[in-house]
Amino acid sequence: MKSLDLTPLFAVQKELDLEIAKNHGIDYPSTFRRRLLALLVEIGEFANETRCFKYWSNKGPSGKEAILDEYADGLHFLLSLGIPLGVESYVHVFKKDQDGLVEQILLAYHHALALLEDYGPKNYARAFGSYLNLLPLLGYQPEEAVEAYKKKLEVNHKRQESGY
């Protein structure tokens with residue numbers, strides 16, 4: 001798989017974050033732990049749609065659109081967590097971290113949780129990278145994730161406009 005330049009998404013995420021901050025009277029420092037918890041929840045919701053851990057069930061994964069929708073939610077929170085660190089650009093070169101989806105999801109959780117101990121650029125890059133490396137394990141193209149993010153971005157702006 002190739003690389004993915006997520007630089008343009010930081011600016012649009014920052015716009016959404018500013019809109020949310022204005023509407024809800026919050027800022028980055030006061031919401032760090034909630035943003036991180038939201039990321040962990042979204043990783044879980046993504047895992048739930050893939051059903052990769054449900055060894056007790058024969059039912060297959062949800063459709064691609066549902067999986068990408070949950071994946072996009074995780075991208076929102078990862079981008080949002082990077083902004084207070086001054087991250088404005090990120091180019092990811094895909095690599096195989098783990099052999100299977102379960103192991104890669106666990107690695108994404110592990111690296112996300114490391115942000116509690118050290119919320120810095122190095123741990124942030126690890127968390128973002130391990131999350132992005134989920135895509136090839138699903139057979140998805142990076143562009144599909146970006147499109148899902150943009151689609152969800154529109155939904156999130158409309159939610160703010162409607163007092164969500």
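The following conversation goes through a predicted model, beginning with one helix and moving on to its charged pairs and a surface patch.

Biologist: How far apart are the end C-alpha atoms of helix H1, and what span should its residues have?

Modeller: Helix H1 runs over residues 7–24 and has 18 residues. At 1.5 Å a residue these should span 26 Å, and the distance between the end C-alpha atoms agrees with that, being 26 Å.

Biologist: Which residues of H1 are buried, and how wide an arc do they cover around the axis?

Modeller: The buried residues of H1 are Leu9, Phe10, Gln13, Leu16, Asp17 and Ala21. An α-helix has 3.6 residues a turn, so residues three or four places apart point the same way. The buried residues lie on the same side of H1, because the arc they cover is only 140°.

Biologist: Which helices do the buried residues of H1 pack against, and which residues are exposed on the other side?

Modeller: The buried residues of H1 pack against H2, H3, helix H5 (121–132) and helix H7 (142–161). On the other side of H1, the exposed residues are Pro8, Leu18 and Lys22.

Biologist: Are Arg35 and Asp17 buried or exposed, and how far apart are their closest N and O atoms?

Modeller: Arg35 has a relative accessible area of 11% and Asp17 one of 6%, and since buried means under 20%, both count as buried. Arg35 in helix H2 and Asp17 in helix H1 are 18 residues apart, so that the pair links distant parts of the chain. The two form a salt bridge, and their closest N and O atoms are 3.8 Å apart.

Biologist: Which residue forms a salt bridge with Glu65, and is Glu65 buried or exposed?

Modeller: Glu65 counts as exposed, because its relative accessibility is 60% and exposed means over 50%. Its closest N and O atoms to those of the partner are 3.2 Å apart, and the partner is Lys151.

Biologist: Where is Trp56 placed, and what is the area of the nonpolar surface patch that Trp56 helps to make?

Modeller: Trp56 is found in the loop between helix H2 (28–50) and helix H3 (64–82). With a relative accessibility of 55%, Trp56 counts as exposed, because exposed means over 50%. Together with Phe53, Tyr55, Val102 and Leu106, Trp56 makes a nonpolar surface patch of about 590 Å².

Conventions: Residues are numbered from 1 along each chain as its sequence is written. This is a predicted model: local features need pLDDT of at least 70, side-chain atom pairs count only at pLDDT 80 or more; totals for chains, interfaces and linings use all residues. Side-chain values use heavy atoms; hydrogens and water are left out. Patches are made of residues with over 30% relative accessible area and no salt bridge: like charges are joined within 9 Å, nonpolar side chains (Val, Leu, Ile, Met, Phe, Trp, Tyr) within 5 Å. Accessible areas come from the Shrake-Rupley method with a 1.4 Å probe; for residues, only the protein chains shown count as cover. A salt bridge is a side-chain nitrogen of Lys or Arg within 4 Å of a carboxyl oxygen of Asp or Glu. Helices (H or I, at least four residues) and strands (E, at least two) are DSSP runs, numbered from the N terminus. Buried means under 20% relative accessible area, exposed over 50%, partly exposed in between (1.4 Å probe, protein chains only). The expected span of a helix is 1.5 Å times one less than its number of residues. The arc is that of the directions from the helix axis to the C-beta atoms. Contact means heavy atoms within 4.5 Å.
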